[in-house]
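Trainee: Could you take me slowly through the sheet in this protein? I would like to know which strands sit side by side, and what packs against them.

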Amino acid sequence: MSQRDLAAELRSAQLAAPVQLRERVRMIAAAAEPTHERRFLRRRSLVLLLPVAAAIAGAIVLTRPGNNSNQELALQRPPAAVPSGAAVTPPAGVQSGAVRKAFAPAPSPTRAQRYGAWIGVSVGSASAVSDAVQKALRITTALGGYSTSVHDVSAGKTGGADLVVRVPRSHIHEAITRLSQLGTITSEQVEVQDLQAGLNATDRRIARLQRQLATLRAEPETPQRDRTIAAVTAQVQRLQRGEAATRRSAQFATVHLHVATPAPKAAVHHGHGPLHGIGVAAYWTGVGAVYALAFGLPLLLLVGLVYLAVRAVRRRRVDALLSQP
């Protein structure tokens with residue numbers, strides 16, 4: 001018998017292992033399994049520590065005080081916008097008439113302008129706020145003006161008031177000077193808008209429409225001509241009314257006056273206690289632990305499921321191998 005025939009004979013033969021040999025193999029496998037599991041657990045523990053360490057590092061980076069301070073600075077309210085055309089505000093507390101005159105530009109005597117001024121003054125008490133409001137109303141009336149709105153609020157030692165008054169544009173310098181003397185100046189703004197260019201354009205349009213009316217009236221009378229004349233006449237009247245309203249409005253300047261008591265000073269904190277650093281460290285440690293649980297727990301569950309699945313498959317393979325005859 002050749003070597004190839006002998007190998008084929010051995011492969012075709014089904015040899016059954018004795019029962020004693022199978023029991024011996026099962027005992028050896030059972031004795032070696034705890035050592036293998038301990039080695040497997042030691043390797044897997046290193047794999048589990050890596051995502052936990054990464055989660056803790058990410059939590060520390062994300063919760064640093066520097067990042068939070070940048071976010072707080074980004075969320076701060078932007079400063080209020082200054083109206084276009086406002087003059088430069090002089091130093092607070094300066095009451096000189098020369099500064100008032102230089103601060104407020106003189107209105108033009110030949111051009112229509114929309115003139116607006118914003119004045120903020122500070123007074124010592126809530127009763128002084130009410131007195132300033134009464135003086136401001138008397139000043140407005142003396143200059144030939146009138147008030148459009150008055151809002152006065154007081155609570156205990158603090159108070160504030162907002163007035164909107166209209167004074168003749170020719171008296172705006174005197175109004176600004178006298179109203180600024182009601183207290184310590186905290187803010188000033190002036191806005192002047194020229195309206196003459198728009199009025200000149202309206203005059204040219206009205207003149208063009210009136211020439212059109214003269215041409216229409218020279219034509220023979222027809223229903224279509226009468227309707228066109230009526231429409232053009234109504235347009236001319238509407239433009240004239242709007243122009244007259246603009247000129248009347250330009251004769252008065254609008255002054256916004258804000259009177260208030262000084263804001264209370266915030267309490268000053270002089271440092272921290274000796275245990276402040278421990279409290280801060282404990283706080284950030286707790287925050288880091290929360291982030292570590294949030295990021296690391298899903299990874300731990302996933303690795304645990306993979307480990308159980310591999311172990312079950314390996315156990316089935318061993319049982320299937322030992323159950324073969």
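Mentor: Happily, and one definition comes first: two strands pair if DSSP finds at least two bridges between them. Strands (E, at least two residues) and helices (H or I, at least four) are DSSP runs, numbered from the N terminus. This is a predicted model, in which local features need pLDDT of at least 70, side-chain atom pairs count only at pLDDT 80 or more, and totals for chains, interfaces and linings use all residues. Residues are numbered from 1 along each chain as its sequence is written, and side-chain values use heavy atoms, with hydrogens and water left out.

Let's begin with strand S1, which spans residues 113-122. Here S1 and S4 run antiparallel, joined by 10 bridges. Seven bridges join S1 to S5, and that pair runs parallel. You can follow both pairings from one residue, Trp118: its bridge partner in S4 is Gln189, while in S5 its partner is His256. S1 is also mostly covered, with eight of its 10 residues buried (under 20% relative accessible area; over 50% is exposed, and partly exposed lies in between; 1.4 Å probe, protein chains only).

Now step back to the whole sheet. Reading across it, you meet S2, S3, S5, S1 and S4 in that order. These five strands make an open sheet, and its pairing is mixed. What are the edge strands? They are S2, residues 146-155, and S4, residues 184-194. Each of these edge strands pairs on one side only. From one strand to the next, the twist averages 10 degrees (between N-to-C directions of lines fitted to C-alpha atoms, for helices over the stretch in contact, on a scale from 0 to 180).

Move next to the edge formed by S2. Its neighbour S3 covers residues 158-168, and nine bridges hold these antiparallel strands together. For an example to find on your screen, take Val150, whose bridge partner in S3 is Leu163.

Finally, what packs on the sheet? Helix H5, made of residues 126-142, does so. H5 touches S2, S3 and S5, where S5 is residues 252-260 (contact means heavy atoms within 4.5 Å). The direction of H5 makes about 5 degrees with that of S3.

To trace this yourself, start at Trp118, find Gln189 in S4, then go back to Trp118 and find His256 in S5. After that, look for Val150 and Leu163, and finish with H5 packed on the sheet.
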